Amino acid sequence: MAEHNNRSFATLWPFLIPTALLTALLVYIAIPGNLLKRLPDPELAKLDAEQRRLQIELAQLKDSSERAVCVGDHLVVPQDEPITPLPADERDKPEESGSFLDKLERSVVLIIVQFKGGQPQMGSGFFISPSTIMTNGHVVTNEAKKPIEGIMVLNADVGMHKATLRKIDFNENSSTDFALLSIDGNAKGSPLKFANISDPSKEKLKDVFAAGFPGDVIESDGDFLKLMNSDSFSVPDLVVTEGKINSHQNIFGNAEAFFHTAQISQGNSGGPLVNSCGEVMGINTWITKNEGNSRNISLTTSGIEGFLVSSNVKPLVSAVECTDGE
């Protein structure tokens, strides 16, 4: 009997030992953290950074595919200044206190348009790339349809610069009211990101902020008076009002718009409506008044993006949706 057992063990031992080793390895792997501990910290950091880089690139590719539109038989994807992912250490930095207002101060500009033989006209705008400014078409058009003699844009960050009208899509009887300006020289503005909005109808009662240069407010600003009198270069204080989104509607047949309570007036036209993360929700365009009440209307970014696609401009778009209070 003993001899039979010895023979059986001699036959099976080549299989038993590998099985035992494999079992021990599986147990080792099952213990959390064992494999990770075998990798040095610099290698883990490198893998983590690479993973986040790939996640950002995937989000950008998804964003480009979602904003691509069909023009005839061709699929057009907006192409402009490429979006370069920030280094890992920059992406992980928490926003500094006051960065929300700082961001608006750097991005929103006062626009002054001089028409031939006419009075200057003012409005607002905001950078969507370091050299490109978004505004309303009616800001750079007057009722007499006079030609433009010059356009100046200014804020406290970039100073004052001449600008050229790059493209306009404005018709008083249509749903479009957009224009793009390009600043001259080497000045570089700070672009605002567009908000990531999966369902505009669910934005009701979300906090929003209108930023711009309304004439009935800045007309009493000492710096604005100096600017108009050409005494010296000065920039009026940016006006920011707070409110909430009342509704999301299709107006003029097919233009998407947010109705909101952030107070705006003449001069706010072309300025951004932003969420609590400082991301663009829309462009402030109209004010309607009825029996003492006013309704503030902003065309949504979905309409803006269609205009930008046709202009071969690609705005920065947030990879995630903003949550109020964060």
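Gly-123 is buried in this predicted model, with a relative accessible area of just 1%. This glycine is found in strand β4, and its C-alpha atom is separated by 6.7 Å from that of Ile-112, 11 residues apart along the chain. Leaving out residues up to four places away in sequence, Gly-123 touches Val-109, Leu-110, Ile-111, Val-139, Gly-267 and Ser-269. From that starting point, here is a tour of the rest of the chain.

**Overall picture**
- The chain has 326 residues, and 37% of them count as buried.
- Its secondary structure comes to 8 helices and 14 strands.
- If we take contacts between residues at least 6 apart in sequence, 66% of them join residues at least 24 apart.
- About 18,700 Å² of the chain is exposed, with carbon and sulfur atoms supplying 55% of that area.

**Strand β4, continued**
- Ser-129 also has its place in strand β4.
- Is Ser-129 buried or exposed? Ser-129 counts as buried because its relative accessible area is 3%, below the 20% limit.
- The side chain of Ser-129 has a polar partner, as it contacts the side chain of Thr-132 at 3.0 Å.

**Nonpolar cores**
- The largest nonpolar core holds 32 residues, and those touching the most other members are Phe-126, Ile-128, Met-134, Phe-194 and Leu-308.
- Several elements give two or more residues to this core, including the strands β3 (108-115), β4 (121-129), β13 (280-290) and β14 (293-300), along with the helix α8 (301-310).
- Strands β8 (177-183), β9 (207-212) and β11 (255-260) are also among the elements that give two or more residues.
- Apart from this core lies another one, of 16 residues, among them Val-139, Ile-151, Ile-183 and Ala-187.

**Helix α8 and what follows**
- Which residues of α8 are buried? They are Thr-301, Ile-304, Glu-305, Phe-307, Leu-308 and Val-309.
- Leu-308 is in contact with Ile-128, Met-134, Leu-180, Phe-194, Val-313 and Pro-315, once neighbours within four places in sequence are set aside.
- After α8 comes Asn-312, which has a positive phi, near 60°.

**A nonpolar patch on the surface**
- Ile-148, Leu-165 and Ile-168 form a nonpolar patch on the surface, and together they have about 200 Å² of accessible area.
- Within this patch, Ile-148 belongs to strand β6 (residues 148-155).
- Ile-148 counts as partly exposed, since its relative accessibility is 31%.

**Salt bridges**
- Side chains of opposite charge can pair when their charged atoms come close.
- How many salt bridges does the structure hold? There are 2.
- One of them joins the side chains of Lys-206 and Glu-203, at 3.7 Å from N to O.
- In that pair, Lys-206 is partly exposed at 24% relative accessibility, whereas Glu-203 is buried at 8%.
- Lys-244 and Asp-207 also form a salt bridge, with their closest N and O atoms 2.5 Å apart.
- Because Lys-244 lies in strand β10 (residues 239-251) and Asp-207 in strand β9, this pair ties together parts that are 37 residues apart in sequence.
- Lys-244 is partly exposed, with a relative accessible area of 35%, and Asp-207 is partly exposed too, at 22%.

Notes
Residues are numbered from 1 along each chain as its sequence is written. This is a predicted model: local features need pLDDT of at least 70, side-chain atom pairs count only at pLDDT 80 or more; totals for chains, interfaces and linings use all residues. Side-chain values use heavy atoms; hydrogens and water are left out. Helices (H or I, at least four residues) and strands (E, at least two) are DSSP runs, numbered from the N terminus. Buried means under 20% relative accessible area, exposed over 50%, partly exposed in between (1.4 Å probe, protein chains only). Contact means heavy atoms within 4.5 Å. Accessible areas come from the Shrake-Rupley method with a 1.4 Å probe; for residues, only the protein chains shown count as cover. A nonpolar core is a set of buried Ala, Val, Leu, Ile, Met, Phe, Trp, Tyr and Cys residues joined through side-chain atoms within 4.5 Å. Patches are made of residues with over 30% relative accessible area and no salt bridge: like charges are joined within 9 Å, nonpolar side chains (Val, Leu, Ile, Met, Phe, Trp, Tyr) within 5 Å. A salt bridge is a side-chain nitrogen of Lys or Arg within 4 Å of a carboxyl oxygen of Asp or Glu. A polar contact is a pair of N or O atoms within 3.5 Å; within protein, one must be able to donate a hydrogen and the other to accept it, and residues adjacent in sequence count only if both atoms are side-chain atoms.
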